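Work through the exercises below with the model open. Each one sets a task, then solves it in steps.

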Amino acid sequence: MSTPVLDVRHLAVHIPVADGVLHAVRDVSLTVAPGQTLCVVGESGCGKSLTSLAVMGLLPASARRTAERMDFAGEDLLKMTPPRLRELRGNRMAMIFQEPMTSLNPAWSIGDQLTEPFLRHGKGGRRQATDRAVQLLERVGIAAAGRRLGQYPHELSGGLRQRVMIAMALMCGPDLILADEPTTALDVTIQAEILHLLAELQREMGMGLLLVTHDLGIVARVAHRVAVMYAGEVVESGPTVAVFDNPRHPYTRGLIDCIPIPARSRPGVPLGTIPGLVPNLVGGMEGCAFRERCAFATGPCARAIPIVHGDDGHTWRCVLLERAPSLLEKST
Amino acid sequence: MLRFTLRRLVLAAVVGIAVSVIAFMLLRVSGDLAIALAGEDASPADVERIRQEYGLNRPIIAQYGEWLWRALRGDLGRSLFYPESVANLILTRLPVTLSLAGMGLVIAILIALPLGIIAALRRNTWVDRTALGIAVIGQAMPNFWFGLLMIFLFGLALGWLPISGSDSFAHFIMPAITLGWFSAPVLMRLTRGGMVEVMNSDYIRTAHAKGLPARVVVLKHALRNAIVPVVALCSVQFGNMLSGSVVIETVFALQGIGYLAWEAISRRDFPVVQGILLLVALFYVVLTLLADIANAWLDPRIRRG
């Protein structure tokens, strides 16, 4: 197997807060193979966004990052000097953020912001930068691309701005794109378009894509591998087919039950829900973080949970020996 | 941008006319000018003669029209005390005040911008607190007192700089520092506040994600957004320096507009007062116009307004 474009082992992010230390990301291991898509799923506040920011070195100043390993294409990100990190950022690894409305600088034109990484990383002159910008704007589905270069962010809708952000991430032809819930702030109709566009571009350009999302529907279609996060931990990860067909963690199962399936979800019959709330991550945490909400919790769940390795690199963090039963089936 | 500029020009012209009316009216409502001019011991006949001579018996609209028509051609009347036209008086004093205010503004910006930016980037550290301390001292100390201290130290004790007059560049150093030092704190606080807010915004994170060095992130991406209110305030501060340098001009014996205004007011030299009033008001109009244009260039969202 070739060197993964991203290899993270046992990443933890701690944030000091008023009443202790918030263990926002506790033990996250992820790999993205070249040209593959890894989807990180989980509900709000589970540490998905912080994980991608930690990779880019863009965590808030107060946050502390530790990991056993964090390699980008074989280079150690943990020991990397700031100048070297700047050479990689925006160049070989690029990020698309959650908030397109505020992620572009209101004082500079679209053209200036698009060409900036290209020029900064010495990919060519102004002429080439402009050509590439126009070409990418067209590729991400923006009409009259040449005219857009002179426009400013406030003249564009949210969907257009996110397309501009995507084009900007692509300017230097990166090996890895980190997309942090890129469609959360957009209209539902635009969401699917943007995600399909990202998946298409990923295939076309052979990039690694780490897509943070909570849209399991899109995950099933675009992801090569999935990592399910809960309360700062990866509770299950593996090839998409394995995880969807044979979920081993009750939380994964719960998430899958929440997806409405056209024609099969009958009107009037409630969709799956997971009862309870995410635990507070301030202070220490022992045992399975999901046990309070899990219908199958037993004594061993309060102790440290070993990671179980199945076939195809399918791993999970649960003491149940069999395929996770549906929480719906149990309740009805 | 062109449309914006034209619109602002028209607006400035309207304000300019309004200002001229006010400058004209203020003196008329301050009492009967003929009596004031004639002096306390004048006979009613003298007062009437003066009224005739200065055209003060004509309708006020006509007086204003004539005054405006002359002012537009550069004729602001004659001083009642100097054997010179008001325009000449002002023109000979103007360079002194302009140099003083210009240098003062440059000094204020040179102090305020770097300190404000550094204080914002090193928020809640000793650097930030030191800058805050400087700001408090600057704002709390009366500027004539600061000027006198400088005269004692650099003029008398050390003998480095001349303490009065306006003959050379060296004469302007201390008064300009005094003016700038007094204006710097408020500019610094505004710069710091703007930078703190902007540095926390999402587009700054985007700039970092592009691999830009900190210098480019701060000076290109952050400062342009944070500076807009500072530019507006600079124009107001410059106006204050032009009109409010009376104290500084007196302390350092600079023969500028401020000094002339003070002199004219105390002698009731009303054509001079009126001329200065009009000039200073027009300065504000022009400065506001320039600040608006500068800000529209800095922030494209303003151009629509």
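**Exercise 1. Classify B:A253 by its surroundings, and state its phi.**

Step 1. Count neighbours: B:A253 has 13 other C-beta atoms within 10 Å.
Step 2. Apply the cut-offs: a residue is buried with 20 or more other C-beta atoms within 10 Å of its own, exposed with 12 or fewer, and partly exposed in between, with C-beta atoms placed from the backbone.
Step 3. B:A253 is therefore partly exposed.
Step 4. Locate the residue: B:A253 sits in the loop between α12 (246-251) and α13 (257-267) of chain B. Helices (H or I, at least four residues) and strands (E, at least two) are DSSP runs, numbered from the N terminus.
Step 5. Read the backbone: phi of B:A253 is near 50°, a positive value in a residue other than glycine. Most residues other than glycine have a negative phi.

A note on conventions. This is a predicted model, in which local features need pLDDT of at least 70, side-chain atom pairs count only at pLDDT 80 or more, and totals for chains, interfaces and linings use all residues. Residues are numbered from 1 along each chain as its sequence is written, while chains are lettered from A and ligands numbered from 1 in the order in which they are written.

**Exercise 2. Repeat the analysis for A:A73.**

Step 1. A:A73 has 17 C-beta neighbours inside 10 Å, so this residue counts as partly exposed.
Step 2. A:A73 lies in the loop between β5 (69-72) and β6 (75-76) of chain A.
Step 3. Its phi is positive, about 45°, although A:A73 is not a glycine.

**Exercise 3. Describe chain B: which elements does it hold, and how confident is the predictor?**

Step 1. Chain B has 14 helices and 0 strands.
Step 2. Take the extent: its C-alpha atoms fill a box of roughly 80 × 55 × 30 Å along the principal axes.
Step 3. Take burial: of the 305 residues in chain B, 34% are buried.
Step 4. Take contacts (C-beta atoms, placed from the backbone, within 7 Å). Among those in chain B between residues at least 6 apart in sequence, 74% join residues at least 24 apart.
Step 5. Take pLDDT, the predictor's confidence in each residue from 0 to 100. The mean for chain B is 87, and 99% of its residues reach 70 or more. Within chain B, confidence is lowest in helix α2 (residues 33-38), at a mean of 74, and highest in helix α9 (residues 202-209), at 95.

**Exercise 4. Place strand β10 of chain A: which strands pair with it, and is it covered or open?**

Step 1. Two strands pair if DSSP finds at least two bridges between them.
Step 2. Strand β3 (residues 37-41) of chain A pairs with β10(A) in the parallel sense over 4 bridges. A:V40 has A:A227 as its bridge partner in β10(A).
Step 3. Strand β11 (residues 233-239) of chain A runs antiparallel to β10(A), joined by 6 bridges. A:M229 has A:V234 as its bridge partner in β11(A).
Step 4. β10(A) and β11(A) form a hairpin with 2 residues between them. In the turn, A:A231 has a positive phi of about 50°.
Step 5. Check cover: β10(A), residues 225-230, has 6 of its 6 residues buried. In a regular strand the side chains alternate between the two faces of the sheet. Here A:R225, A:A227 and A:M229 on one side, and A:V226, A:V228 and A:Y230 on the other, are all buried.

**Exercise 5. Check the length of helix α7 of chain A, and find what covers it.**

Step 1. The expected span is 1.5 Å times one less than the number of residues.
Step 2. For the 13 residues of α7(A), residues 158-170, that gives 18 Å; the end C-alpha atoms are 18 Å apart, which agrees.
Step 3. Of these 13 residues, 12 are buried.
Step 4. The cover includes β7 (93-96), α4 (110-120) and α8 (188-205) of chain A, among others.

**Exercise 6. Characterise the contact between chains A and B.**

Step 1. The contact takes 23 residues from chain A and 18 residues from chain B.
Step 2. On the chain A side, α2 (82-88), α3 and α4 each supply at least two residues.
Step 3. Sort that side by class: 10 nonpolar, 7 polar and 6 charged residues. Ala, Val, Leu, Ile, Met, Phe, Trp, Tyr, Cys and Pro count as nonpolar, Asp, Glu, Lys and Arg as charged, and the others, Gly among them, as polar.
Step 4. Add the scores: the predictor gives the complex an ipTM of 0.88 and a pTM of 0.83.

Terms used: Two residues are in contact if their C-beta atoms, placed from the backbone, lie within 7 Å.
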